[in-house]
Amino acid sequence: MKFHNDDDKPVRRPRAQVLSKQLDRVFTELNSIASFIGRFFKEVFMPPYEFKEIIRQCFEIGVKSLPLISLTGFIIGIVFMNQSRPSLAEFGATSWLPSLVSLAIVRALAPLVTALIGAGRIGSMIGAELGSMKVTEQIEAMEVSATNPFKFLVVSRVLATTFMIPALMMYTMLVALLGAFLNVNANEGTSFVTFFSQVFDAITFLDIFSSLFKSALFGFTIGVVGCYKGYNSSKGTEGVGKAANSSVVTAMFLVFIEELLSLQIITALR
Amino acid sequence: MKQTQPVIDRSNCVINIRGLEKSFGDLDVLRGVDLDLYKGENLVVLGKSGTGKSVLIKIISGLLKPDTGEVNVLGKRVDKLKGRALDQLRLKIGFSFQNSALYDSMTIRKNLEFPLVRNRRDLTRGEVDKMVEVVLDAVGLSQTINQMPSELSGGQRKRIGIARTLILRPEIMLYDEPTAGLDPITCIDINNLINEVQSRFHTSSIIITHDLTCAKDVGDRVVMLLDGQFQRQGTFEEVFDTQDERVKLFHDYNFID
């Protein structure tokens with residue numbers, strides 16, 4: 001970064017100064033996000049409750065994601081089963097395939113894949129929608145018609161993502177296991193009952209519970225990031241694009257960080 | 001031009017502003033604005049772009065907070081109100097945005113219903129439908145009820161934006177650049193609509209504009225915002241009967257355009 005002195009010679013700004021400015025920006029942003037989350041928790045318990053809008057958002061976020069989730073989950077089940085087979089076959093342990101695949105799907109793949117698809121599809125949708133509402137004064141129009149736009153737009157969307165990502169995760173889990181079953185049935189001739197009894201023998205309540213909890217956290221993150229970026233967007237249409245893009249990138253980054261942290265906690269619990 | 005003479009009650013001041021100041025960073029936008037709006041009156045605020053006209057009505061509707069000064073609307077200090085009290089006051093203020101600000105994801109019917117179903121939960125479905133029909137009829141766009149905002153022209157969007165504010169039967173209307181970006185014929189239609197709203201719904205209005213034809217057609221009184229203060233006020237002719245170069249320039253350029 002350069003600026004000019006009196007003799008018009010470019011002078012390099014001290015690195016410490018640049019770093020301090022960047023840190024300042026990061027902390028201001030963090031403070032702003034913390035206030036946003038704080039406002040969410042304050043508004044979520046205060047009436048009026050936007051049940052209709054929450055249900056509408058659940059439909060938009062949950063039901064409309066089903067085709068993409070179904071396809072992805074099914075393919076993951078088949079591919080993961082195919083990729084695992086050669087390694088286990090070397091030890092003559094292909095009968096362990098259902099247990100191995102179910103653990104991978106239930107503990108890691110289903111929550112993570114659902115959250116990443118959610119960050120891409122839902123995060124960008126929320127960021128772009130709220131961003132465009134902001135720059136076209138629709139949010140202000142809501143405010144002047146005595147409607148709390150934060151409650152109507154943000155609280156409903158964050159609650160919808162927090163509820164729907166775990167639900168979608170369970171669905172991904174089932175579809176992926178179905179894909180895995182079809183693969184193992186075609187190759188090893190394992191029956192439906194044998195496959196699923198092995199699956200349920202391998203997984204525990206903690207596996208399901210931790211995945212549900214993680215997914216709710218991912219959903220909350222995707223909702224908050226999308227809403228925050230959209231609600232605070234500026235600079236016209238360029239800002240809308242940036243809000244959508246930034247929602248996806250930030251949400252995906254945070255999902256990975258949360259996955260790492262939750263892995264440590266769950267391993268310790270196990 | 002107005003078909004009927006409005007009934008203005010000069011003893012009843014619905015908006016009263018004293019010493020209003022607002023700045024953004026180093027930029028002083030409003031520098032000591034005093035304003036009175038009387039019941040039944042159409043007041044036009046003229047001024048160049050970026051002089052703080054829109055900021056003024058955003059402060060009146062509580063969207064922005066003033067730095068200093070008093071803003072009284074219908075006897076209440078807007079700058080001191082919060083939460084429910086502010087919402088209650090906002091129900092009496094209609095705000096027509098420059099770009100209409102229609103909700104893109106909703107049909108025209110849903111757009112019009114939105115303020116009503118959220119603030120008048122006592123109404124039946126039939127009553128809501130009736131009120132939607134009445135305001136749509138008032139702006140002459142009954143046929144658009146099931147259309148999406150993206151299917152309408154700029155002029156139609158403005159009309160629907162006005163209809164959406166009228167549905168709550170406000171006492172005060174705030175119009176932000178109602179004729180901006182419209183062709184001259186549609187501008188005349190919008191001006192007529194503003195006058196019709198005044199006579200039919202008995203509203204008191206502030207019309208923010210830099211369009212002198214609009215100011216002449218709808219204004220019972222005109223004020224001119226220059227350098228963050230009201231420099232001239234009176235009838236349209238009185239405002240422009242001056243040797244002030246800034247005012248003359250504004251007038252001349254507008255009519256040359």
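1. Let's start with a cut-off: a residue is called buried if 20 or more other C-beta atoms lie within 10 Å of its own, and exposed if 12 or fewer do. Try it on Gln156(B), which has 20 C-beta neighbours inside 10 Å and therefore counts as buried. Gln156(B) belongs to helix α5 of chain B. Please keep in mind as you read that this is a predicted model.

2. Staying with Gln156(B), what does this residue touch once its neighbours within four places in sequence are left aside? The contacts are Leu141(B) and Thr144(B). Leu141(B) is 15 residues away from Gln156(B) in sequence, and their C-alpha atoms are 7.6 Å apart in space.

3. Helix α5 also helps to house another helix of chain B. The buried residues of α3(B) pack against α4 (125-138) and α5 (154-166) of chain B. Those buried residues of α3(B) are Ile108(B), Asn111(B), Leu112(B), Glu113(B), Phe114(B) and Pro115(B). You will find polar and charged names there too, including Asn111(B) and Glu113(B).

4. Now look at where the chains meet. On chain B, 15 residues are in contact with 10 residues of chain A. Three elements of chain B give two or more residues to this side: α2 (83-90), β6 (93-96) and α3 (108-119). Which of them gives the most? That is α3(B), with 4 residues. By type, the chain B side divides into 9 nonpolar, 3 polar and 3 charged residues.

5. Strand β6 leads us to a sheet in chain B. Here 6 strands form an open sheet with mixed pairing, in the order β6-β7-β8-β3-β9-β10. Because β6 and β10 (229-234) of chain B stand at the edges with a single partner strand each, one side of each is left without a neighbour in the sheet. On average, neighbouring strands of this sheet are turned by 20° against each other, direction ignored.

6. Within that sheet, have a look at β3 (residues 42-46) and β9 (residues 221-226) of chain B, which pair in the parallel sense over 4 bridges. Which residue of β9(B) is the bridge partner of Val45(B)? The partner is Val223(B).

7. Chain B has another open sheet, made of 4 strands in the order β2-β1-β4-β5, and its pairing is antiparallel. Its edge strands are β2 (27-39) and β5 (76-77) of chain B, each pairing on one side only. Strand β1 (residues 9-24) and strand β4 (residues 68-73) of chain B are antiparallel partners over 5 bridges. As an example to find on screen, Glu21(B) has Thr68(B) as its bridge partner in β4(B).

8. Next come the cores. In soluble globular proteins, nonpolar side chains tend to be buried together. The largest nonpolar core in this model has 64 residues, and the members that touch the most others are Val45(B), Ile60(B), Ala163(B) and Leu174(B). A second, separate core has 57 residues, among them Val101(A), Leu116(A), Ile122(A) and Ala160(A). Returning to Leu174(B), its contacts beyond four places in sequence include Ile57(B), Ile60(B), Ile93(B), Phe95(B) and Ile206(B).

9. How many helices and strands does chain A have? There are 9 helices and 2 strands. Starting from the N terminus, both strands come before the helices, in the run β-β-α-α-α-α-α-α-α-α-α. The C-alpha atoms of chain A fill a box of roughly 80 × 55 × 35 Å along the principal axes. Of its 270 residues, 39% count as buried. Among the contacts in chain A with a separation of 6 or more, 84% join residues 24 or more positions apart.

10. Finally, check some loops of chain A. The peptide bond from Pro47(A) to Pro48(A) is cis, with omega near 0°. Pro48(A) sits in the loop between α1 (15-44) and α2 (51-61) of chain A. Glu137(A), in the loop between α4 (97-135) and α5 (138-144) of chain A, has a positive phi of about 65° although it is not a glycine. Ala146(A), in the loop between α5 and α6 (149-188) of chain A, also has a positive phi, near 60°. Is Ala146(A) buried or partly exposed? With 19 C-beta neighbours inside 10 Å, Ala146(A) counts as partly exposed, and Glu137(A) is partly exposed with 19 other C-beta atoms within 10 Å.

How values were computed:
Residues numbered from 1 in each chain as written. Chains lettered and ligands numbered in written order. Predicted model: local features only at pLDDT ≥ 70, side-chain atom pairs only at ≥ 80, totals over all residues. Core = buried A, V, L, I, M, F, W, Y, C linked by C-beta atoms within 7 Å. Contact = placed C-beta atoms within 7 Å. Pairing = 2+ DSSP bridges. Axes fitted to C-alpha atoms, helices over the stretch in contact; angles between N-to-C directions.
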